[in-house]
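Hi everyone, thanks for making time for this. I'd like to walk you through one structure, so let me put it up on the screen.

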Amino acid sequence: MLPVTRLRIEFCGEYTTLEPGGQFVIGREGDLEIDDNPYLHRRFLVVAHEHDFWWLINEGTRLSATVSAASGTQAWLAAGSRIPLVFGDTTVVFSAGPVTYEFSVLIDAPAFSSGASVSDGPPTITNDATLGDMPLTASQRALIVALAEPLLAREGTGQSRIPSSAQAAARLGWSITKFNRKLDNVCDKYDRIGVTGLRGGDGQVALNRKARLVEYAMATRTITKADLPLLDAPPDAEG
């Protein structure tokens with residue numbers, strides 16, 4: 001039996017400490033009321049201590065979440081799935097409509113160190129396997145940074161509304177046609193390696209794909225605050 005450990009949740013710089021026993025509900029309503037966003041489930045994510053492990057459970061019916069550890073391990077938590085929280089520092093990112101949210105989960109005595117493999121622990125029930133890094137051109141990276149700028153520029157975790165295509169194109173000094181073309185390209189690129197939510201059925205454009213792109217890029221640390229200077233590069237720079 002593993003020792004009983006406390007868990008802390010950080011959202012917008014505020015910490016909530018959980019002791020084993022009961023459930024902690026995150027959503028539009030619950031123990032942690034994220035936002036009154038109508039796209040957000042009333043009960044979305046639940047943190048619970050079961051069978052000697054802390055678990056993150058997706059009780060939603062439409063929304064997913066991207067879960068990543070400081071070690072680089074990441075997984076996509078689909079509706080109706082659950083994942084064990086076995087690392088000391090875990091980031092959870094999800095989108096509801098045009099808004100992307102982020103919070104951190106901290107465990108004092110995690111089941112695994114940052115260098116451990118989750119293959120030795122309890123099963124992870126998700127729809128996606130861990131995905132590797134995807135090489136990006138400078139303009140593709142700049143596009144994602146422009147969409148994620150509100151999240152990258154502020155301190156601490158919380159929420160951010162994704163810029164419109166017109167706003168992001170203006171920030172980059174691009175035409176809207178160029179921006180949409182490059183957005184199509186980068187979404188297709190990630191879709192080919194299995195990132196979900198970027199393409200709709202029958203190859204159509206997915207609703208809220210910009211938010212899903214930011215969600216994935218932030219959770220996997222594909223882009224970080226250190227990439228913000230890309231937005232001040234010449235508009236057509238590709239180097």
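Let me begin with a question: are the two faces of strand 8, residues 74–77, buried or exposed? Before I answer, please keep in mind that this is a predicted model. Both faces turn out to be covered. Gln74 and Trp76 are buried on one side, and Ala75 and Leu77 are buried on the other. As a reminder, side chains in a regular strand alternate between the two faces of the sheet.

Who is the neighbour here? Strand 7, residues 65–69, pairs with strand 8 in the antiparallel sense, over 4 bridges. If you want one contact to look for on the screen, take serine 68, whose bridge partner in strand 8 is glutamine 74. That glutamine is one of the buried residues I just mentioned.

Now on to the aromatics. The structure holds 5 aromatic pairs. One of them is phenylalanine 94 with tyrosine 101, a stacked pair with 5.2 Å centre to centre and 25° between the planes. Stacked is the right word because planes under 30 degrees apart count as such. Both partners are buried: phenylalanine 94 has a relative accessible area of 0%, and tyrosine 101 is also at 0%.

For contrast, have a look at tyrosine 190 and tyrosine 216. Their ring centres are 5.5 Å apart and their planes stand at 65°, so this pair is edge-to-face. The pair links distant parts of the chain, since tyrosine 190 sits in helix 3, residues 176–192, while tyrosine 216 belongs to helix 4, residues 209–219, 26 residues apart. Both of these tyrosines are buried.

Back to the stacked pair for a moment. Which residues share a cluster with Phe94 and Tyr101? They are Phe44 and Phe103, and the four form one aromatic cluster.

Rings also meet charges in this model. The charged end of arginine 82 sits over the ring of tryptophan 55, at 5.3 Å from its centre. Elsewhere, lysine 182 lies over the face of tryptophan 174, and there the distance to the ring centre is 5.8 Å.

Last topic: cysteines. How many disulfides does a search of the whole structure find? The count is 0. Cysteine 12 is partly exposed, at 45% relative accessibility, whereas cysteine 187 is buried, with a relative accessible area of 0%.

That's my tour, and I'm happy to go back to any of these spots with you.

Notes: Residues are numbered from 1 along each chain as its sequence is written. This is a predicted model: local features need pLDDT of at least 70, side-chain atom pairs count only at pLDDT 80 or more; totals for chains, interfaces and linings use all residues. Side-chain values use heavy atoms; hydrogens and water are left out. Buried means under 20% relative accessible area, exposed over 50%, partly exposed in between (1.4 Å probe, protein chains only). Two strands pair if DSSP finds at least two bridges between them. Rings of Phe, Tyr and Trp (its six-membered ring) pair if their centres lie within 6.5 Å; planes under 30 degrees apart count as stacked, over 60 as edge-to-face and the rest as tilted. A charge sits over a ring if NZ of Lys or CZ of Arg is within 6 Å of the ring centre and within 35 degrees of the ring normal. A disulfide is a pair of cysteine sulfur atoms within 2.5 Å.
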